[in-house]
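Here are my notes for you to read with the model open beside them. Take the points in order and find each residue as you go.

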Amino acid sequence: LGKLGWTAAFIYVACAALRLARFNVQSSSNDKRFFVGLASPSAAGLVVFMVFTLHEYSVEVSRVVAIIAAMVTVLAGILMVINVRYYSFKDLDFRHRVPFPAILAIVLILVVVAQHPPTVLFTMAIMYAASGPIMAVYLRRKRKLALPPAVSAADDAPH
């Protein structure tokens, strides 16, 4: 893609630097259960697992594929810097007694990933990357529905 490809890569790297800078500044003031913006390892996973999947399926790198890859790379960068919360999984405690359902879930996840790592890991990366914006929209709609309807001046006028 020439300069377009370089631009996509630059946007990703610049966003990663901004994400890490914000993380360092805000790390003590935020709820530890959530990240603000997609964590940089997750964004990197999205890009890497895309390449892994394309390679696994021997996808010919055409102009269309390169543009889609550039768009995913830019999207991963943007998701790192937007003010959307992502679940961090930091509240999971594996140092103490772990409930049986949690152990079973981990085993099942490993079994599913082992079936076809490129596809499953890329799908998981897409789902996690999408979870932040989806939850933000859901919570915004939920808040809007919870607000009482505004009383207009016309409703207060005598009839």
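How much area does the chain expose, and what share of it do carbon and sulfur atoms supply? Keep that in mind while you read point 1.

1. **The surface.** First, a reminder that this is a predicted model. The chain exposes about 11600 Å², and 71% of that comes from carbon and sulfur atoms. As for the inside, 25% of the 159 residues count as buried.

2. **The overall layout.** You should be able to pick out six helices and two strands. Walk along the sequence and they come in the pattern α-β-α-α-β-α-α-α. Now look at who touches whom: of the contacts between residues at least 6 apart in sequence, 81% join residues at least 24 apart.

3. **Helix α5, lengthwise.** α5 covers residues 117-146, which makes 30 residues. At 1.5 Å a residue it should span 44 Å, and its end C-alpha atoms sit 42 Å apart, so the two values agree. Do look at S131, though: α5 bends there by about 35 degrees. A proline, P133, follows within four residues of that bend.

4. **Helix α5, the buried side.** Which residues of α5 are buried? They are P118, V120, F122, A125, Y128, A129 and G132. Try colouring them, then see what they pack against: the strands β1 (34-36) and β2 (85-87), plus the helices α2 (40-56), α3 (63-81) and α4 (100-115).

5. **Helix α2.** This one has 17 residues. From its first C-alpha to its last it reaches 24 Å, close to the 24 Å expected at 1.5 Å a residue. Its buried residues are S40, A43, G45, L46, V47, M50 and T53. The cover over them includes α1 (3-26), α3 and α5.

6. **T53, a link between two helices.** T53 sits in helix α2. Is T53 buried or exposed? Its relative accessible area is 10%, and anything under 20% counts as buried, so T53 is buried. Setting aside residues up to four places away in sequence, T53 touches P118, T119 and F122. There is a polar detail too: the T53 side chain reaches the backbone oxygen of P118 at 2.9 Å. P118 and F122 are themselves among the buried residues of α5.

7. **S58, the odd one out in phi.** After α2 you come to S58, in the loop between α2 and α3. Most residues other than glycine have a negative phi. S58 is not a glycine, yet its phi is positive, about 50 degrees. Its relative accessible area is 63%, and over 50% means exposed, so S58 counts as exposed.

8. **The largest nonpolar core.** This core has 21 residues, and the members that touch the most other members are L38, L46, M80 and Y86. Elements giving two or more residues to this core are α1, α2, α3 and α5. The largest share, five residues, comes from α3.

9. **Y86 up close.** Y86 is worth a zoom. Leaving aside neighbours within four places in sequence, Y86 is in contact with R33, F34, F35, G37, L38, L79, Y128, A129, S131, G132 and P133. Notice that the list includes S131 and P133, the residues you met at the bend of α5.

10. **Two residues of α3.** T73 lies in helix α3. With a relative accessible area of 14%, T73 is buried, and its contacts beyond four places in sequence are A8, Y12, V47 and M50. V47 and M50 are among the buried residues of α2. I78 is also in helix α3, but at 39% relative accessibility I78 counts as partly exposed. How far apart are I78 and G37 in sequence and in space? They are 41 residues apart in sequence and 8.6 Å apart C-alpha to C-alpha.

11. **L20, to finish.** L20 is found in helix α1. At 42% relative accessibility, L20 counts as partly exposed. L20 and A39 are 19 residues apart in sequence, with 8.5 Å between their C-alpha atoms.

Terms used. Residues numbered from 1 in each chain as written. Predicted model: local features only at pLDDT ≥ 70, side-chain atom pairs only at ≥ 80, totals over all residues. Heavy atoms only, no water. Buried < 20%, exposed > 50% of the residue type's maximum accessible area, 1.4 Å probe, protein only. Contact = heavy atoms within 4.5 Å. Areas by Shrake-Rupley, 256 points an atom, 1.4 Å probe, with all protein chains shown as cover. Expected span 1.5 Å × (residues − 1). Bend = angle between axes of the 7 residues up to and from the residue. Polar contact = N/O pair within 3.5 Å; in protein donor to acceptor, adjacent residues only side chain to side chain. Core = buried A, V, L, I, M, F, W, Y, C linked by side-chain atoms within 4.5 Å.
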